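User: Could you take a close look at one part of this protein for me, the loops with unusual backbone geometry? I'd like to know where they sit and what surrounds them in the fold.

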Amino acid sequence: MLVNKVSDQIKKSKYISRDLSWLRFNYRVLDQARDTNRSIFDRLKFLAITSSNLDEFFMIRVGSLYNYIDYGKERLDYSGLRELPFRKKLLDYSHRFVNDQYLTYNNELKPLFEKSGFDVLMVGELTEIEQKKVDSYFKNTIFPLLTPMVFDNYHGFPLLMNQLLTFGVVTRTEDEGKSQDRLTFVQIPQNLARFYEINRKDKIVFVPIEEIVRWKIKKLFRNVEIVSINLFRITRNGDFTLEESDDIDADFVQEIKSKLKTRKKGRVVRLEVERNPSAFMMKILKERWTIDNANVFTINSLMDLRGLWQIINHRQFKDRCFKQPSSVMPRSLPGDGVDLFQYLKEHDVLLHHPYNSMEPVVQLLERAAEDPYVLGIKQTIYRLADQSRVTAALHKAAENGKHVSVLFEVKARFDEERNLKEGDRLEKAGCFVIYGISKYKTHTKMLMIIRKEGEKVTRYVHIGSGNYNEQTARLYSDVSLLTTDEVYAHDVSEFFNVITGHSRPNEYKSLMTSPKGLRSQLIELIRNEAKNAKKGYKSGIVIKINSLEDKEVMDEFYKASKAGVPIKLIVRGICCLRPGREDLSENIFVKSIVGEYLEHSRIYYFHNSGDPKVYSGSADIMVRSFDRRIEALFLLLNDELRREAMTILHYNLLDNQNSYIMREDGTYVKKRPAAGEEVIDVHKIFYNRHIYENTDIELV
């Protein structure tokens, strides 16, 4: 009865739970791992991604929920549920997802390993010679790094690290005729490879490191009876929302550094454990971490599927999984060898990654670092590649005496340490480095190069939806603009003055920015479409984003739908809006695209009585994007580039290979081409430059 009551309450809400919507998104990623048309390595890649996604979900979203529960704060989810009923719903759904993950791994993927040239085997499945090799590896490499940590009346409970594989070993000793059980923890060193690799003639064998430790664990417990050996893994709360709102005046960099340390001590929100664990151990762990069975996930196979990346990235298989970067140039750029400094003075360029390489942007920055006429470079940085060419160019520019100012966002989740390190290196080279803006997270992506050209100074601007990361630019779908247009140059200069100084410009001609004004300006654009619809004029909205969660904007979509505005939303992940509900959202259509590339671009189209307004940039429709982040959307002023952006939306709407249609109840159904219908795969079609030449795009 209680289950039905909760389900009814969820259905009645005109909004969909952000967290339940996210879990449905991870199911769409899991769908890619189930796709038999993909290679085994591609499927393993998507399975590993679901595991990483779920880890972050528990650290941040479930961690955030526990902030409310543990501190006795009230929270009402979009579903209409309070903290504890919602916790139960969320964890029940998570258990179902983990079960489906492992059904996929055990039943669909593992049987394909051997014929694909590799296998994951236990120590007992190895030959005698192979076992000797593993034994030598254990003695020489693993054993010296293992540290047993006992918990009993004389030893305190040790600090167990977040997301490390750990053995809980229950031992028994006789003391004065009485048997006594003790619990000892052995954590697997995080700096060792997940698998020990053995090359056979016909395949590569991957032996999980935890199974090697299990095989030899008696070496750590000499002359002691081992009652049980239990593998487990914990996930700790990694959300700091409450802390960040409480002490925003503290030294910001030191605050972040301190929080990186507390992340290691956060409350446990999930315990993954293998089947049939010791009841003695489980009682201790549950009491110690204040968790119950809802937090406990039983794993019946390889624990921590992120380890599959070692197989996916293996030099023998890597080429089967990752495509080479595209050399296709945008229609607005003539080709290799063009002098971008000269070309951009006459032309704007819209880049659509990964179909267009990020090379023009990186090469422009590298050339600016060496160019004697370049006076300065200003840039925002959110996430970087390993061995980043971007920061290498900024470093070189500073060494060459140019003014370089960089805003590093040290709150870029899980990239904090990398950004602090790179920022420190640039400071030492002479760059002016700013580490974030007080309580706001700088998420916008902007670059400006100031170059003296005779008596004139030209500002070269790059602004987009994606990070300055050469590696992820090959895997993420993003849009960005290269221009010297003075309208953009003026606005971006003003915006840099806002985020690095104390300027408050009256208005921008080409930008909408947050935390000031972005929500209200988007709402005004939506209301304008509603006004036109009420007057009987043609109207329409098409928006492509990552997430839709802001209640104020969703309410405006509902009002516009009632006014007769056709609204088409392409939302990759979280979508809290209900489409197609009678007398609420009958004119709203929502789809999600999940496939070869991670859809990361944001494009906003408003019909505007036949004079379309099209924006792109860094912002999603989320509370954090409007209230807690520095974001920017840029208006496409050039007619040709505006049509290119509309073409991107057009084919995203037509896609019938990677698309999931959202239903009124919040579930999704995979779109399939109808009989005789043309197959449209957006992750392939954009490599064809000629599709952009269609000037008769009708989006609404």
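Analyst: First, a bit of vocabulary: helices (H or I, at least four residues) and strands (E, at least two) are DSSP runs, numbered from the N terminus. Residues are numbered from 1 along each chain as its sequence is written. Keep in mind that this is a predicted model, where local features need pLDDT of at least 70, side-chain atom pairs count only at pLDDT 80 or more, and totals for chains, interfaces and linings use all residues, while side-chain values use heavy atoms, with hydrogens and water left out.

Let's start with Gln-163, in the loop between β2 (149-151) and β3 (166-175). Gln-163 isn't a glycine, yet its phi is positive, about 65 degrees. Gln-163 counts as buried, at 11% relative accessibility (buried is under 20% relative accessible area, exposed over 50%, partly exposed in between, with a 1.4 Å probe and protein chains only).

Asn-223 is another non-glycine with a positive phi, about 60 degrees. You'll find Asn-223 in the loop between α6 (209-216) and β7 (225-236), and at 85% relative accessibility Asn-223 counts as exposed.

Now for the prolines. The peptide bond from His-353 to Pro-354 is cis, with omega near 0 degrees; Pro-354 sits in the loop between β10 (349-353) and α13 (359-370). Ser-514 and Pro-515 are also joined by a cis peptide bond, with omega about 15 degrees, and Pro-515 belongs to the loop between β18 (511-514) and α17 (518-534).

As for the wider fold, the largest nonpolar core has 117 residues (a core is a set of buried Ala, Val, Leu, Ile, Met, Phe, Trp, Tyr and Cys residues joined through side-chain atoms within 4.5 Å). Helix α3 (residues 40-70) gives the most to this core, with 12 residues.
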